Structure formats: C-alpha cells, structure tokens
Amino acid sequence: MFVGFDYGSANCAIGVMEQGEVKLLPLATDSNYLVSTLYALDRDLICEAVLKALPSDQQAEYAKLRAAQLSRARHARQALDLDSDEQAVFVGEAAVKHYLDMPEEGFYVRSPKSFLGATGLRADQVALFEDIVTMMMLHIKKVADTLVNSSSNGITHAVIGRPVNFQGIGGEESNQQAERILTLAALRAGFADVAFLFEPLAAGMDFEASLTADHTVLVVDVGGGTTDCSVVKMGPSHIDKADRSDDFLGHSGQRIGGNDLDIALAMKAFMSYMGLETKMVNGLPVPSKPFWNAVAVNDISAQREFATLSSRNMIKDLIKDAERADLLQRLLKVQQDQLGYRIVRSAESAKIALSDSAQIQISLDYISDKLDANVDELMLVEAISQPVRQIQSLMAQALSAAQVKPDIIYVTGGTAKSPAIYSRIAASYPDIEIVVGDHFGSVTAGLTRWSQKVFG
C-alpha cells in the first residue's frame, strides 16, 4: 500500500487515497498531526529503543553498527534504575509531556528534520539523527498500519516530502545527506521503497486538483523549518501528466520557517525578563550571546554551548557584576533546568494567539513565580521582520528563475496562517490574486496524490 508521508519540521502526517480522495490518518489523539518531537530519558537509550522496534531480520546488522551505543545504553538503564522493558523513549505529544515534566533531565529534540542537512556533522551525530528519525518513523508507521485496511504487509511505499534546500548553506551536499538519513530511516522503519517530492510542489498539486483552467502559480510553502517557493504551470492540461518537469519553472528554498519566527519572538518578547539589554555596573551592556543561545533551539552548536558548565559559570559571573542580578538569576534557571525549548514553545503559543487577538499575556511561571509577559501584534511584526524579508526574497528568487509573472500566488504551510506574515506577502504583490490553502494538510495531500502516480 502507498502513502504520502509529510515528515515535517513542526508536525508529521500520513495520507492515503480513499475512493479517489485524500484522507489523512489520525496519528495522534484527536489529531491527524503528530508533533515532531522526541524525548529520551538518556540519549543512548534511543538506539536501544530502535533495536527493539526493528523487524527481526534487521536487528543483528543494526546491533553490530551500534555496539558501542548499545553498551552505553545498558549502563544508562542501570544508572537510571529502569527495568529492562520499561519505556525510555517517547515520540510526539508524549515526548512533549515528558519534557515539560522533567525539562532538566533526559534528552529532548524538537524538529529533528531541521538538523538533517547541517554541515559539519560528525559520524556519531549523523548516526544519532538516523536513530531519532528511525524511531519516529517506526512509531508513525506502526500507528498508520493499524489504521488502514490493507494486506498483512501494511504500508509498503511512500512519497516523502522534502524542502528545496534543507540548509541555506551546504548546497546539494546537505540535501543529499538529509535524503540519505530519511531514506535509511524509512527502510529501517519497514517501508519497502520511498521517493521524494519537493514540498511546495506537493502543496501545489493539491491546489491544482481544484482548478478548472490552466494557470501559472507561485506556490509559497512556509513551514515549521523551511520556506520553499515553486513556480508551476497548473490546471486541467497538466494534472494528469506522469512527468511534470516541464511544468516546474523555478524554485527557491531556505531553512527559514516557523521555528525561526518563534525564536525571534522569544528573544523580542521574553528575554528582557531575564536581563537582555540591561547593563553591568560598569555601564557596559550585558552580552547578548547567552540569551540567543538559550532560545536557538534549531542551532546544534548554540544549544551545546548553552548547556555547558562554562556557560553556567559565565552567567554566574555576570550576575556578580550586573545592575539587574535578579533578572539574570532567571537566565541561570533557564540554563540549569534547560528551559530553552519551553520558552520557544511559549513564543509559538503567543504567535498563534496573536492571529486572533491584538495583545495577549503569556505565563512564564516555570521560570519565576507569577511572571507574565505581555505580547502584542506590533512586537510580533518587529520581531519577525528579518525572517519575513527572507521569505519575500525567496519569492522573488523563484520568480526570477522562472522569468514569468504568476496568475496566482498560493500560500500554504502552518506558519503562513499568521496575519503578520500573510499580510506582508500580500503587500509584496498587490496586483496578483492570492489564495490561502489548507495551512497544514496541503503538502500531505499533494504527496499522497503523487504517491498514487509513482506507486499506484
């Protein structure tokens, strides 16, 4: 059986064809979307969980590859006093729950897809991301297999979405690294074969199914981790083609998305409550780097640096000579309890709430008792101005590559739901019709339709 698989930066989704229409499978309680997170009581326990979940014919080879990690996992299980069969790795909302319960302990990763094309990864880091993605795909496929009426083989083939570029730097080498990780993880998870499709093209294909006339469309997919743009010829004359390469006129993409907007808003709206932009007793400003490292949850090196003992000691030294030592004590708590992800999650909640309200109040009581932050629409607009300019630049790049003016701009992706983003996109091209699609389901639907062409 074939599916469309959106392994997204923010959420994951699986689509199947049912009576000629796309149906998204409910991967989580009361939702078709599984949040892209993983939590482990110890990082080395991830490979142990993968080994236990792998098909029996893959276990011996995998155990040989991960011998060192599996040895460390046994020690970690003993140190944590865990029973041999006690669950130690969690995916989706279960991962979020365990992280929020114990943020200072364990290993938590949000949006692992954002890291797959990172340059300079060591072999052990690549292996870790292979295991993280495999564990998530094993979980998703197991859930999906129970939801479909198919043969005993379950789901066997998938078209997986991918951004135009996984990283702003690294080029094709980064893209190949990310695809290798995704392919290996999918095969380990039990898929017999996978293919890839650019996510903006997938989003556009779903929109194309509704067109009654041919148009040139600029598809703008603003996702959780990346923004991708494609200029595509669409409509009744194109939709049934098996080869659409002549219809794809121009592409652009960069690792800039909802996560970056959340981080920018966290810096703007929350970090002043922890001492950002205050001064030392000598009149110099408090260095901004530790504040940035605290919330840069999509930057491996920044997160690693913030978690170190030297970073903790630096903050303690700043506290000694700061005018507002009380505020920097809050930053120290963020470092000690590893609350960076939670702060960014609060920023994401604020961004979503500001879609319907001009001003909201966000509780930061997990940092300090009765601490609330006021966030308004203007603050959001100012915070995200730079990433939004990058999105506008990507639109211009795609149009420059295509050398055509589109009839329609089709905007999709969960992040594009924010009026602060949509209004800026609309203002850039006031004379072109803008259509807003299903913010979350369009990519999965397009992947599913393409999967029917490839594997059906």
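Okay, let me start with a definition: a residue is buried when its relative accessible area is under 20%. Keep that cut-off in mind, and remember that what we have here is a predicted model.

So, first stop, Thr448. Thr448 sits in helix 17, which covers residues 442-455. Its relative accessibility is 0%, and therefore Thr448 counts as buried. What does Thr448 touch, once its neighbours within four places in sequence are left aside? The answer is Phe2, Gly4, Gly15, Val16, Met17 and Val22. With one of these, Gly15, there is also a polar contact: the Thr448 side chain reaches the backbone oxygen of Gly15 at 3.4 Å. And here's another pairing to look at on screen: Met205 is 243 residues from Thr448 in sequence, yet their C-alpha atoms are 9.8 Å apart.

Next, two residues that go together, Thr227 and Ser252. Thr227 belongs to strand 11, residues 227-234, and Ser252 belongs to strand 12, residues 248-254. Are they buried or exposed? Thr227 has a relative accessible area of 0%, so it is buried. Ser252 comes in at 4%, so it counts as buried as well.

Each has a side-chain polar contact with a backbone oxygen. For Thr227, a polar atom of the side chain lies 2.7 Å from the backbone oxygen of Ile256. For Ser252, the partner is the backbone oxygen of Leu394, at 2.6 Å from a polar side-chain atom.

Now the wider contacts, again skipping anything within four places in sequence. Thr227 is in contact with Ser252, and also with Asp221, Val222, Gly253, Gln254, Ile256, Gly257, Ile391 and Leu394. From the other side, Ser252 contacts Thr227 along with Val164, Asp228, Cys229, Leu394, Met395, Gln397 and Ala398. Notice that Leu394 turns up in both lists.

Okay, on to the nonpolar cores. As background, nonpolar side chains in soluble globular proteins tend to be buried together. In this model the largest nonpolar core has 130 residues, and Leu38, Met137, Phe270 and Val375 are the ones with the most contacts inside it. Which element gives the largest share of this core? That would be helix 5, with 11 residues. If you zoom in on Phe270, you'll find it touching Leu265, Ile343, Ser346, Ala347, Ile362, Leu364, Ala373 and Val375, not counting residues up to four places away in sequence. There's also a second, separate core, with 20 residues, among them Ala195, Leu201, Ala203 and Ile408.

Let's turn to the empty space. The second largest pocket has a volume of about 840 Å³. It is lined by 37 residues, and those closest to its centre are Arg43, Phe107, Tyr108, Leu128 and Ile300. Several elements supply at least two lining residues each: helix 1 (45-53), helix 3 (67-79), strand 7 (107-110), helix 5 (123-147), helix 10 (300-306) and helix 13 (340-353). Helix 5 shows up again here, giving the largest share of the pocket lining, seven residues. Sorted by class, this lining has 20 nonpolar, 11 charged and six polar residues.

And closed spaces? How many cavities of 30 Å³ or more does the structure hold? Three. The largest cavity has a volume of about 50 Å³. Its lining is made of Tyr99, Tyr108, Arg110, Tyr341, Arg342, Arg345 and Glu348. Strand 7 and helix 13 are the elements that give two or more residues to that lining, and helix 13 has the largest share, with four. By class we get three nonpolar and four charged residues, and no polar ones. Tyr108, by the way, is in this cavity lining and is also one of the residues closest to the centre of the second largest pocket.

Last bit, backbone angles. Gln338 has a positive phi of about 55°, although it isn't a glycine. You'll find Gln338 in the loop between helix 12 (325-337) and helix 13, and it is partly exposed, with a relative accessible area of 27%. Lys370, likewise not a glycine, has a positive phi near 65°. Lys370 is in the loop between strand 13 (359-363) and strand 14 (372-376). Its relative accessible area is 72%, so Lys370 is exposed.

That's my tour, thanks.

Methods: Residues numbered from 1 in each chain as written. Predicted model: local features only at pLDDT ≥ 70, side-chain atom pairs only at ≥ 80, totals over all residues. Heavy atoms only, no water. Buried < 20%, exposed > 50% of the residue type's maximum accessible area, 1.4 Å probe, protein only. Polar contact = N/O pair within 3.5 Å; in protein donor to acceptor, adjacent residues only side chain to side chain. Contact = heavy atoms within 4.5 Å. 1 Å grid on protein atoms, 1.4 Å probe; cavity = no way out; pocket = protein on both sides within 12 Å on 5 of 7 lines; lining within 4 Å. Points joined across faces, edges and corners; volume = space filled by probe spheres on them. Nonpolar A, V, L, I, M, F, W, Y, C, P; charged D, E, K, R; others polar. Core = buried A, V, L, I, M, F, W, Y, C linked by side-chain atoms within 4.5 Å.
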